[in-house]
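Visitor: Could you walk me through this one? I'd like the helix to begin with, then the interface.

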Amino acid sequence: MHVLSKTFAATAAALALSACGPQPQQETPPPEAPPAAEVPAQTAEDIAAESRDAARRTPEELDALFAQAAREFDVPVSLLKAISYVETRFEHIQGEEEFEGRPAAFGLMALRGDKLTDGAALAGVSASAVRDEPLANLRAGAALLSKYASEEGIDRKDLGAWATAVVKLSDISDAEAQASYIHNEVYSALREGAGAFTPRGKVAVSLEGSKVEAKFALPKLQAGLAALAPDYAPAIWRPSPNYNARPSGTNVSMIIIHTCEGGYSGCWGWLTNSAAGVSAHYVVNESGSEVSQLVRESDRAWHVGASYSCSLNGNVECGLNGTSVNHFSVGIEHGGYASQASFPAGQIDSSAKLSCDISKGQGITRDSYHIVAHGRLQPSSRTDPGPNWPWSSYISKIKSYCGDGGGTGTIVVDSHNANNDSAKARTDVPASWASGTSAGYYGSGYYYASTQPISEPVVFNFYMPAAGTRTIDAWWVAGTNRSPSAPFIITHSGGNSTVTVNQQAGGSAWNALGTYSFPAGWNKVQLSRWATEGYVVMADAIRVR
Amino acid sequence: MLGVGCSGRCGGASGAGPLSKEEARAIPGAVVFLSERAGQKDVWQVSPDGTETQITRGPEDDYPGPVSPDGKSLLVVAVREVDGLQFQQLRVQPLAGGDAVPLHAPRARARNAVWAPDGSWLSAESDAQGFSDVVRLEPRADVPEVRLTQVKEGCFEPAISPDGQEVAFVCSREGDPEIYVAKADGTNERRLTAFHREDRAPVWSPDGKWIVFVSDRENRERLYLIRPDGSDLRAVSGESFSGDEREPAFSPDGKHLVYVSREPEARARLWRVPVEGGVPVALTEGQRRDDMPAWSPDGKYLAFVSEREGNTDVYLMRADGSGQTRLTTAKEPDWLPRWVARR
């Protein structure tokens with residue numbers, strides 16, 4: 001039931017916030033703000049956005065439709081809902097083909113291929129209705145489940161006994177993947193409950209949790225210690241036979257983001273099947289609670305059908321037959337669909353941790369040119385992970401986990417607070433300082449002031465979650481009217497140190513001011529204007545590393 | 001901030017209705033676009049009165065790139081799959097008909113091509129000699145491409161200045177994408193932006209005085225204007241941010257920018273803002289997806305893509321947002337509009 005109550009609570013928070021209108025941005029958090037975790041603490045705005053995103057997936061109230069389909073075909077309504085939650089998070093999806101030979105999935109029940117046409121026939125509707133209409137889709141799924149229950153002689157009152165029919169409705173053939181799908185996904189949803197709201201805050205679907213165990217073999221991994229993956233420790237190692245060696249000397253330079261066009265267990269089940277002829281290095285589940293590793297990063301997985309072949313290129317640069325995307329990339333699949341309206345925050349977070357780890361191990365540049373969509377590299381036939389993958393926050397989360405720029409390891413304090421992460425960086429600029437934008441600044445311009453015997457410094461504040469030793473760098477735009485002895489005052493554990501720098505040189509680059517010990521909490525570096533008169537001092541940005 | 005809106009006349013709300021046939025016929029130009037009506041993707045052309053003709057055909061997917069400055073040719077990215085492997089090839093397609101001229105052999109990365117203003121050369125992204133370089137090509141067959149950048153982490157998205165003397169592009173050599181400008185032979189490179197987040201997708205204004213680019217430095221995707229020397233950075237939408245911003249297009253006279261904001265529920269909306277600064281005005285209602293704006297050569301009209309009638313089609317409107325008119329009619333998607341000047 002906790003999934004349900006969490007969903008309700010988050011939505012209530014979102015509604016409360018949206019009722020208040022736009023929230024003013026807090027520019028100066030109190031000094032007693034809780035220590036920053038590895039990533040910036042989730043703000044109320046984030047939670048509201050997350051909840052809004054989730055609500056977009058299920059715009060209509062669907063409880064009555066689920067009930068109607070279940071009643072008509074004598075299928076437990078909770079089971080229909082649990083399957084729909086696991087397959088689509090209650091979204092009426094328009095799937096696409098991701099793996100050749102595995103047809104696209106459609107609708108709340110994620111029906112594909114023969115299942116879709118058979119279900120349509122049983123329900124007495126057209127295949128296009130099953131693809132396009134939520135009720136027809138639910139009825140087709142319920143009709144198929146009912147048929148399987150009759151064939152298997154299932155006691156329809158025994159919810160646990162339905163597991164074999166549920167497996168039959170899926171296209172999962174691998175026994176381990178079947179067990180994971182049943183126990184860790186469908187029956188887990190039945191036990192914990194699930195729910196969704198419409199964007200207007202009405203209950204779209206509610207599934208109350210209940211005590212039930214599937215009558216189905218347990219997954220092996222659940223019993224003992226999960227086999228740890230060779231490259232990413234938190235992942236479960238589920239080796240796929242579908243790989244080969246990377247060409248020797250290949251520089252692994254990209255991470256490719258995919259969506260499975262289906263649920264998690266079916267995805268890794270398919271990719272570990274030798275008959276599929278496809279694979280990926282990793283699969284991340286919908287909630288972000290589990291990651292499978294299928295192929296070692298040092299090996300070449302088969303996830304993108306795009307490659308370089310010198311025989312088609314006048315036999316030039318044959319040494320670069322290694323520009324096949326599979327040659328130089330690591331592929332991550334995600335349970336879900338390119339067409340879905342939003343991605344669960346937990347999945348994005350878990351994937352960002354994984355991408356950070358891969359990028360560290362392989363030396364991959366952490367930007368959106370090296371961490372890219374499958375659809376971008378294969379525009380003729382793929383669109384995943386779709387238009388709603390949150391690229392900006394995904395890349396910044398990866399950088400944050402890896403300690404880049406504004407992340408934990410390094411903090412950049414820009415003179416413009418719009419660019420700062422207010423949980424760990426802010427700048428206080430006295431009103432008498434003027435803003436400037438001559439070329440070469442950091443972020444969005446800088447502030448400057450004439451040198452005078454006045455105590456009116458710009459204060460760069462940065463937050464340290466724990467005490468530590470850091471090097472401070474400063475950035476300025478150089479020029480002949482700049483002070484040759486601009487005083488930076490650094491407050492550290494040992495007191496204040498003043499470092500004077502020549503701002504006529506060293507422009508538009510980081511210049512080290514020194515290394516100091518800082519206590520936990522908010523610390524500050526000030527740029528004073530109290531210096532030999534006749535010049536200006538430039539407050540642009542500092543970096544703490 | 002909340003006052004931003006249509007100013008009472010967006011989405012054809014002025015009461016003017018769709019463009020009359022007479023007005024449409026008088027528009028000096030035509031629109032090439034990508035259509036999926038034949039199964040694969042082909043380039044088609046539509047005149048403002050709605051007459052459609054097919055430009056490329058065949059089993060490959062053809063993506064329309066920019067039109068040559070003389071209006072006679074179109075850069076096409078041809079994509080084909082061989083044994084499950086994908087190959088891209090830049091080709092110059094004469095718009096009057098005739099065979100396309102391939103500029104190189106098919107390979108894995110050949111994209112984001114732009115023409116020099118005199119049409120004598122092109123710049124594009126290439127993986128022929130590295131992960132991703134900005135290269136210089138000639139619009140003829142069998143001329144070796146010249147690398148303008150050699151950066152292991154990759155350089156991307158070239159944009160040639162209106163005087164043809166410089167190329168703006170993106171490089172990740174510092175670990176994150178920054179905007180750079182170099183001379184047209186790749187020398188005298190200078191960095192325009194410095195920030196630990198992403199700065200990318202540069203586009204020059206027609207007078208060469210500004211470069212617009214996308215940055216997520218404020219934790220959301222916004223368009224910024226910057227001088228080619230790296231000064232005067234400012235957000236295009238000022239205080240009036242509406243949703244992640246993308247696809248900026250300068251009017252031919254350089255006075256306005258039209259761009260797309262991405263709104264919740266996969267909706268997108270077109271906005272117009274004076275380059276000199278001011279409040280953006282919405283050109284479309286934003287109830288569905290409206291994007292991919294392209295200015296007519298005379299600066300009086302915009303072609304764009306909309307899903308408002310269920311299908312993905314190319315639409316036309318006056319540059320003030322009035323007279324919104326559906327231009328293509330196929331049930332299959334029609335998108336990526338590019339204007340051809342009528343000569």
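Visitor: How many of the 19 residues of helix 7 of chain A are buried?

Guide: Helices here are DSSP runs (H or I, at least four residues), numbered from the N terminus. Buried means under 20% relative accessible area with a 1.4 Å probe, protein chains only. Helix 7 of chain A is mostly covered, and the buried count is 14.

Guide: A quick note on the source: this is a predicted model, where local features need pLDDT of at least 70, side-chain atom pairs count only at pLDDT 80 or more, and totals for chains, interfaces and linings use all residues. Residues are numbered from 1 along each chain as its sequence is written, chains are lettered from A in the order in which they are written, and side-chain values use heavy atoms, with hydrogens and water left out.

Visitor: How far apart are the end C-alpha atoms of helix 7 of chain A?

Guide: The expected span is 1.5 Å times one less than the number of residues. For residues 134–152 that should come to 27 Å, and the model agrees, because the end C-alpha atoms are apart by 27 Å.

Visitor: How much area do chain B and chain A bury between them?

Guide: Buried area is the accessible area (1.4 Å probe) that two parts lose on being put together, summed over both. Carbon and sulfur atoms carry 50% of it, and the total is about 4100 Å².

Visitor: Which three residues supply 14% of the area that chain B buries against chain A?

Guide: No other three residues supply more of chain B's share. They are Gln86(B), Phe131(B) and His196(B).

Conventions:
Helix = DSSP H or I, 4+ residues; strand = E, 2+ residues; numbered from the N terminus. Buried < 20%, exposed > 50% of the residue type's maximum accessible area, 1.4 Å probe, protein only.
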